[in-house]
Amino acid sequence: MAASLEDLEQRLSQLRTELRGAVRARDKVETARIRRTLREAEAAWEHALEAEAESESATDVGALPTEPQTQPTSVTAGESRRKERPVHGSIPIREQVHQALTLLGAPASPKLISSTYEAFFTEPLVATKLASLRRDEERSFTAQGYARPYYICAALTHDRLVPARGLLALSTWPVERRIIGPLSPRVDFLTHAVGTAEQIQRLATAGHPAPDAAWRLLRRFALTIPGAYDASAQEPDPARVIAAAHAEAAVHQQEDDQQRQAAAQRARGQLADVQQLFGSAPMRDALRDASGTLS
């Protein structure tokens, strides 16, 4: 029987506590073992979360009433807010992705990019369009070089320097920031949590309460960071999430930085500019042949 999200979250918290102790004791064998177990538990948690989200989404869709095709003369406050929502497509998708990635601060999946943009901005971002966007960006860079101020590009694996499947990044980030090593997914997850919490803080400082979707996004991060979530509080405390994320990141940071820097040095020595941004052509072609599109 599959473990529940709650069981997995308790297991993750326990493993991270054990990892912290092993790192402090300089026990490399135990540290490596716990990290392998932790990655497996994190993957199981992600799968369980996706399953729960899909289940809730199906329930929500079934409960939604069908909206009329014409706008009645008398509208409720909620309907008025829907009318104020900009027409989809008024902001170019590459700008939407740029805004979301800037907020998150690290390479991210199309699904997270879409969720983040919709949590903080006013119009939806269609995640399915992101595969063609990356190809368009590569063609533009190949033809014009650095003509644009930024490009939506790929994250690169630390070992083969090929596109990390399903992760997008910004060309303005240094290569080190776009490298994905063994510890990078967790470090980047913590960076995403900090970016989300900081954006909520900025909105509060400006006198603009964060949307409910932004709080839900922050809660998803906080639930898997030790010390970040207070179950008795109505919403996560952004400052607490930031502090807890920084505390955990410190456990992984040195080793992750070393792996990224070594890979970035190889990338600068071995790859042309376009390859540093979009990866090597053989791997991209193999992925396209296998799936028809790029993630």
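**Note on the aromatic pairs**

1. Tyrosine 151 is buried, its relative accessible area being 1%. The model under review is predicted, and the remarks here concern its aromatic rings and where they sit.

2. The count of aromatic pairs comes to five. In one of them, phenylalanine 141 and tyrosine 151 have ring centres 5.3 Å apart and planes at 90 degrees, so this pair is edge-to-face; the cut-off for that label is an angle over 60 degrees.

3. What does this pair tie together? Phenylalanine 141 belongs to helix α6 (residues 130–144), whereas tyrosine 151 belongs to the loop between α6 and β1 (152–157), so the contact joins parts that are ten residues apart in sequence. Phenylalanine 141 is buried, with a relative accessible area of 6%, and tyrosine 151, at 1%, is buried too.

4. A further pair is formed by phenylalanine 189 and phenylalanine 221: the ring centres lie 5.1 Å apart and the planes stand at 70 degrees, so this pair is also edge-to-face. Phenylalanine 189 is in helix α8 (residues 184–205) and phenylalanine 221 in helix α9 (residues 212–222), so the pair ties together parts that are 32 residues apart in sequence.

5. Are phenylalanine 189 and phenylalanine 221 buried or exposed? Phenylalanine 189 has a relative accessible area of 13% and is buried. Phenylalanine 221 has a value of 5% and is likewise buried. The cut-off for buried is under 20%.

6. Which residues do ring pairs link into a cluster? The cluster consists of Phe141, Tyr146, Tyr151 and Phe278. Phe141 and Tyr151 are the edge-to-face partners of point 2.

Methods: Residues numbered from 1 in each chain as written. Predicted model: local features only at pLDDT ≥ 70, side-chain atom pairs only at ≥ 80, totals over all residues. Heavy atoms only, no water. Phe/Tyr/Trp six-rings, centres within 6.5 Å; stacked < 30°, edge-to-face > 60°. Helix = DSSP H or I, 4+ residues; strand = E, 2+ residues; numbered from the N terminus. Buried < 20%, exposed > 50% of the residue type's maximum accessible area, 1.4 Å probe, protein only.
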